[in-house]
Amino acid sequence: MTRKTREAPADTSDNHAIDTPEAAERARATYDASKYERPSVTVDVIILTMRERRLMILLIKRRHWPCEGMWAIPGGFVGPDESLEDAARRELEEETGVSDVYLEQLYTFGDPGRDPRGRVITVSYYALIRSDELRVRADDDAAEAEWFPAYQLPSLAFDHDHILSYMLQRLRAKLEYTTIGFQLLPDEFTLSELQEVYEAILNRRLDKRNFRKKLLATGILEQTLETRKVGQHRPAALYRFNPRAEK
C-alpha cells in the first residue's frame, strides 16, 4: 500500500509587501552600517585652457605615496558633508583661484585595482577656463603644478591616462553639437581665434574657408562693431556668441 504524502500548504505571504511602520522602525534601530565595506570617493578635476594656440591641461606632481613623483590630475577626497560638485569646485578653486567657470561631470571610474590605497572610486569633472582667469598654485599634496599640451602628456599616476583619453574623446564629440569651445575664448574674439580653439581640441588643421562658412551659417555668431589689429594684417572683425541661437 502506497502512503500518500501530505503537500505543504501554499505560502500565502506577500514577499513584495512594504514594511509596516513597526517593521521599518525595527530595521532602522538594528541597522549596522559597519557590516558593509565603504569605498572611498574622490573627485578628479581636469582643468583645460588655451595657451599659445594649444589646448593645455593642468597636472600636479604628487609629493606623497602612492605614485609619489608622478604627474596626476588635481583632485582629492570628498568630505562627508560635501556634494560631488561642491568637492570638485573646492578642488578647482584651490588649484586655480576660480570656481565660477564651466564645469561638467565627465564619468565615474571604479576599477577595483585603480588605487593602491584600497577601494577608491573617483568621479571626474572637467573645467574650461580662459587663460586670463587663471592663478595656478600647487596645493599641500603637490610638489608643483605645470601645464602640459593635451596631446603630449607625461606618464601619469593611477588610471589618469585613461581618464584624460576619455575626456578628450568626449570634448571632441561635444564640439560637433554644442558651443563648448566658446568657454575658452574671451567674450569677443576673431574668427581666427575661434578656429584655433577648434583645431586645438580636434588636434588637426581645418580649412579656413570651409570652417568660417560652416560656423557663420549656424547663426551662433554675432558680429560686433569692433575690430582688432593682429600683427601686420588689417584689423579683424570681432564676434561674440549669439545667445538667441540656443533658444
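## Helices, strands and salt bridges in a predicted model

Strand E6 is mostly covered, with eight of its nine residues buried. The model described here is a predicted one, and the account starts from this strand before turning to helices and charged pairs.

### Strand E6 and its partners

E6 pairs with E1 in a parallel arrangement, the two being joined by nine bridges, and E6 also pairs with E5, in this case antiparallel and through seven bridges. Ser-124 in E6 illustrates the double pairing, since Asp-44 stands opposite this serine, and Tyr-107 likewise stands opposite Ser-124.

### Helix H2

Helix H2 covers residues 84-96, and its 13 residues should span 18 Å at 1.5 Å a residue, which agrees with the 18 Å that separates its end C-alpha atoms. Seen down the axis of H2, the buried residues fall within an arc of 140°, so they line one face of the helix. These buried residues are Ala-87, Ala-88, Glu-91, Leu-92, Glu-95 and Thr-96. An α-helix has 3.6 residues a turn, so residues three or four places apart point the same way. The strands against which the buried residues of H2 pack are E1, E2, E4 (75-77), E5 (102-109) and E6 (120-128). After H2 comes Gly-97, which has a positive phi, near 85°.

### Helix H4

Helix H4, residues 191-202, has twelve residues and reaches 16 Å from its first C-alpha to its last, close to the 16 Å expected at 1.5 Å a residue. How much of H4 is buried? Nine of its twelve residues are, so H4 is largely enclosed by the rest of the structure. The buried residues of H4 are Leu-191, Leu-194, Gln-195, Val-197, Tyr-198, Glu-199, Ala-200, Ile-201 and Leu-202. Their packing partners include both strands and helices: the strands are E1 (40-51), E2 (54-62), E8 (221-228) and E9 (236-241), and the helices are H3 (160-175) and H5 (208-218). Asn-203 follows H4, and its phi is positive, near 60°.

### Thr-224 in strand E8

Strand E8, one of the elements against which the buried residues of H4 pack, contains Thr-224. This threonine counts as buried, because its relative accessibility is 7%, below the 20% under which a residue is called buried. A polar atom of the Thr-224 side chain lies 3.1 Å from the backbone nitrogen of Glu-226. Leaving aside neighbours within four places in sequence, Thr-224 is in contact with Glu-188, Leu-238, Tyr-239 and Arg-240.

### Salt bridges

Side chains of opposite charge can pair when their charged atoms come close. The structure holds 16 salt bridges, and the table gives some examples.

| Salt bridge | Closest N to O distance |
|---|---|
| Arg-28 and Glu-25 | 2.7 Å |
| Arg-90 and Glu-91 | 3.1 Å |
| Arg-130 and Asp-187 | 3.6 Å |

Arg-28 and Glu-25 both belong to helix H1 (residues 21-30), where they are three residues apart, about one turn of the helix. Arg-28 counts as exposed, at 56% relative accessibility, whereas Glu-25 is partly exposed, with a relative accessible area of 40%.

In the pair formed by Arg-90 and Glu-91, Arg-90 counts as partly exposed at 27% relative accessibility, while Glu-91 counts as buried at 5%. Both residues also belong to a network of salt bridges that links Glu-82, Arg-90, Glu-91 and Glu-94. Glu-91 is, in addition, one of the buried residues of H2.

The salt bridge of Arg-130 with Asp-187 has its closest N and O atoms 3.6 Å apart. Arg-130 lies in the loop between E6 and strand E7 (142-149), and Asp-187 in the loop between H3 and H4, so the pair ties together parts that are 57 residues apart in sequence. Asp-187 counts as exposed, at 61% relative accessibility.

### Lys-213 in helix H5

Lys-213 has its place in helix H5, and at 59% relative accessibility this lysine counts as exposed. Between the C-alpha atoms of Lys-213 and Thr-108 there is a separation of 38 Å, the two residues being 105 apart along the chain.

Technical notes
Residues numbered from 1 in each chain as written. Predicted model: local features only at pLDDT ≥ 70, side-chain atom pairs only at ≥ 80, totals over all residues. Heavy atoms only, no water. Helix = DSSP H or I, 4+ residues; strand = E, 2+ residues; numbered from the N terminus. Expected span 1.5 Å × (residues − 1). Buried < 20%, exposed > 50% of the residue type's maximum accessible area, 1.4 Å probe, protein only. Contact = heavy atoms within 4.5 Å. Arc of directions from axis to C-beta. Pairing = 2+ DSSP bridges. Polar contact = N/O pair within 3.5 Å; in protein donor to acceptor, adjacent residues only side chain to side chain. Salt bridge = Lys/Arg side-chain N within 4 Å of Asp/Glu carboxyl O.
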